[in-house]
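Me: I would like a close look at one part of this model, with its surroundings described carefully enough that I can follow along in the viewer.

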Amino acid sequence: MAASIVLPGEQVPAQHVNLKLGPGLLQLSSETQQQAKSAPVIATRSGVLNHSANKSKWWVEGNSRRYVPAPQESVIGVITGRSGEGWRVDIGSAHPASLDGLAFEGATKRNKPSLKVGSLIYARVSLAHKDMEPELECFDAQTHKADGFGELKDGFVLQCSLQMSRLLLDPKHFLLPLLGSRFPLEAAVGMNGKVWVSTKEIKHTIAIVRCIEAVDPDGGGIDETNVKKFLSKLDI
Amino acid sequence: MRPPSPSIPEKKFLYDALKQSLRLDGRDMLDLRTPTFTFGPELGWVECAMGKTRVIAQLDAKMVKPLPERPFEGIITIHSEISPMASPDYEPGRPSEEEVTLTRMLDKVLRRSDAIDKESLCILAGQRVWQLRLTVHVLADAGNILDCSCLAGIVAFKHFRKPEVEVIGDEVIVHSPSERAPISLAIHHTPFCVTFAFFPDALTRPVVDPSLLEQRLSAGLMSIAMNAQREICVLHKAGGVPTAPEEVLRLINVASILVKDLDKRVEAKLLEDWEGRKVEVR
């Protein structure tokens, strides 16, 4: 799989019968062309262009700190106000997102969750277009069960780069299991670069925050052995 | 646009941590982030970084006619603007409260404290003086851009060299740096700014050099600008938590120790940079 670096606006040679475009790529629609094959595909983010072995799936992998909402991504948001029946949520994107009051498991008109301005929620992006406000939901798409979505109480939320949050969501990454072996912790990772952690002691949470900031590719990106050395220096 | 207030868990966690004198980046309550300096190829260009907060200061000089009421003094202007590059919370065009504080403090600390001797900027009385223009760009805001900007500003003044000027009768000859070595500005004293953040809980002690979250959640800020000779240039406390005089004096003492360290560090860095440059003409 050859990889090359692209900049936003560059045309990408992505052509396939069943073409699937991942994050960072956009197909420009053209009214004159009749076949979808000849509509040009351009990159919207800077990064490394990757494609699958059979060239049907293409995507751009890059690192940034500003989040662009995409559907079915789990994000952490802060409630900034009420808007009608629902809430206005800040997820770090260009537009504030809206969360409907009924978009929770088991919510009815009489039984709505009590969220205050400033509460943290873990939600799924259900609708995201580049010109509209994104919409969030607090339940799983198929099962309509909470499945971990909803309000996050206590703990602490920190900001990291988007690549770091993708690394943390990867089950093979070393950091969270390494920290979990030292002390019990609970974590929720948002694809918008926000990570919520909760432990029993303040110094444990501070240790996690400092480790994540150290491992973040933006801030140095130290590896596993150095993280172990770093942890031994902290007072846990 | 007001920056969004931090979420409830962040607030609760920070206050609880500060009650135990624990800071989120592992610093002590009275620890500064160590500043690092990068000097540009031009003299008078410096980038100051304190942790993730980064500020660039650049000094230019040109010859102008002096103000009619002050024919023997040069002119110093400071231009600072916080663009959205520093943080998505700043809007272009509309000065936020923080920007106004920054502009006023820079003015007081660098210009009105008479750190730079204006009379030495005079070339030909009543006709030609040097106008120094300091431009401060805030690249990234991770808390306490005020201290970082003041530091970058004063280091830029110390780093800058003005071209040598010869006055014969009424004629003014400006020598280029390759002909005659440029000369440094006459600086009377070096003021440094140290900011303290107070919190609503009475038992929580103030912290030095607040990070972004600490600054947003603070109940009040106090900035002290002083030099290594223990002279206070500016003491800025705009509202916030009422503070007893003994506490203010104690913090002034803390600041004076930090400023002495800063002064040594700045001098060492400037010397190191100067040795790496070849400005002398043999």
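Which residues of the largest nonpolar core touch the most other members? Please start from there and work outward through the elements around them.

Reply: This is a predicted model, and what follows should be read with that in mind. In the largest nonpolar core, which has 61 residues, the members that touch the most others are B:Leu134, B:Leu151, B:Val155 and B:Phe157. Apart from this core lies another one, of 36 residues, which includes A:Leu178, A:Val197, A:Cys211 and B:Phe13.

B:Leu134 is a convenient place to begin. With residues up to four places away in sequence not counted, B:Leu134 touches B:Ala57, B:Gln58 and B:Leu59, then B:Thr77, B:Ile78 and B:His79, and also B:Leu110, B:Gly153, B:Ala156 and B:Phe157. One of these partners, B:Leu110, is a buried residue of helix H2 of chain B, and that helix deserves a closer look.

H2(B) runs over residues 97–112, and at 1.5 Å a residue its 16 residues should span 22 Å; the C-alpha atoms at its ends are 21 Å apart, so the model agrees with the expected span. Its buried residues are B:Glu99, B:Leu102, B:Met105, B:Leu106, B:Asp107, B:Val109 and B:Leu110. These buried residues pack against several elements of chain B, namely the strands S4 (75–81), S6 (128–140), S11 (192–198), S13 (220–226) and S14 (232–237), together with helix H3 (145–159). After H2(B) comes B:Asp114, with a positive phi near 60°. As background, most residues other than glycine have a negative phi. B:Arg230 is another residue other than glycine with a positive phi, again near 60°, and its place is in the loop between S13 and S14 of chain B. With a relative accessible area of 49%, B:Arg230 is partly exposed.

The loop between S4 and H2 of chain B holds B:Ala86, which counts as buried because its relative accessibility is 9%, and buried means under 20%. Not counting residues up to four places away in sequence, B:Ala86 touches B:Val138, B:Leu139, B:Ala140 and B:Asp141. B:Ala86 and B:Ile145 are separated by 59 residues in sequence, whereas their C-alpha atoms are 9.5 Å apart in space. A further buried residue is B:Gln215, at 16% relative accessibility, and this glutamine is found in helix H4 (residues 212–216) of chain B. Its contacts, leaving aside neighbours within four places in sequence, are B:Glu98, B:Gly143, B:Asn144, B:Pro210 and B:Leu221.

Helix H3 of chain B brings the description back to the core residues. The axes of H3(B) and helix H5 (residues 245–275) of the same chain come within 11 Å and cross at roughly 40°, which means that H3(B) is oblique to H5(B). This crossing of H3(B) and H5(B) is right-handed. On the H3(B) side the contact is made by B:Leu151, B:Val155, B:Lys158 and B:His159, and on the H5(B) side by B:Leu262, B:Val266, B:Glu267, B:Leu270 and B:Asp273. B:Leu151 and B:Val155 therefore appear twice in this account, as residues of this helix contact and among those that touch the most other members of the largest core.

A second pair of helices involves both chains. Helix H3 (residues 202–215) of chain A and helix H1 (residues 8–19) of chain B have axes that come within 10 Å and cross at roughly 115°, which makes H3(A) roughly perpendicular to H1(B). The crossing of H3(A) and H1(B) is left-handed. Here A:Ile202, A:Thr205 and A:Ile206 in H3(A) meet B:Phe13, B:Asp16 and B:Ala17 in H1(B), and B:Phe13 is one of the members of the 36-residue core.

H3(A) itself is mostly covered, with 11 of its 14 residues buried. Among the buried ones are A:Ile202, A:Thr205 and A:Ile206, along with A:Cys211, and A:Cys211 is another member of the 36-residue core. At 1.5 Å a residue, the 14 residues of H3(A) should span 20 Å, and its end C-alpha atoms are 20 Å apart, in agreement.

Definitions and conventions:
Residues are numbered from 1 along each chain as its sequence is written. Chains are lettered from A and ligands numbered from 1 in the order in which they are written. This is a predicted model: local features need pLDDT of at least 70, side-chain atom pairs count only at pLDDT 80 or more; totals for chains, interfaces and linings use all residues. Side-chain values use heavy atoms; hydrogens and water are left out. Helices (H or I, at least four residues) and strands (E, at least two) are DSSP runs, numbered from the N terminus. The expected span of a helix is 1.5 Å times one less than its number of residues. Buried means under 20% relative accessible area, exposed over 50%, partly exposed in between (1.4 Å probe, protein chains only). Contact means heavy atoms within 4.5 Å. A nonpolar core is a set of buried Ala, Val, Leu, Ile, Met, Phe, Trp, Tyr and Cys residues joined through side-chain atoms within 4.5 Å. Axes are lines fitted to C-alpha atoms, for helices over the stretch in contact, and angles run from 0 to 180 degrees between N-to-C directions. Angles under 35 degrees count as roughly parallel, over 145 as roughly antiparallel, 65 to 115 as roughly perpendicular and the rest as oblique. A crossing is left-handed if the near helix is turned anticlockwise from the far one by less than a right angle, and right-handed if clockwise.
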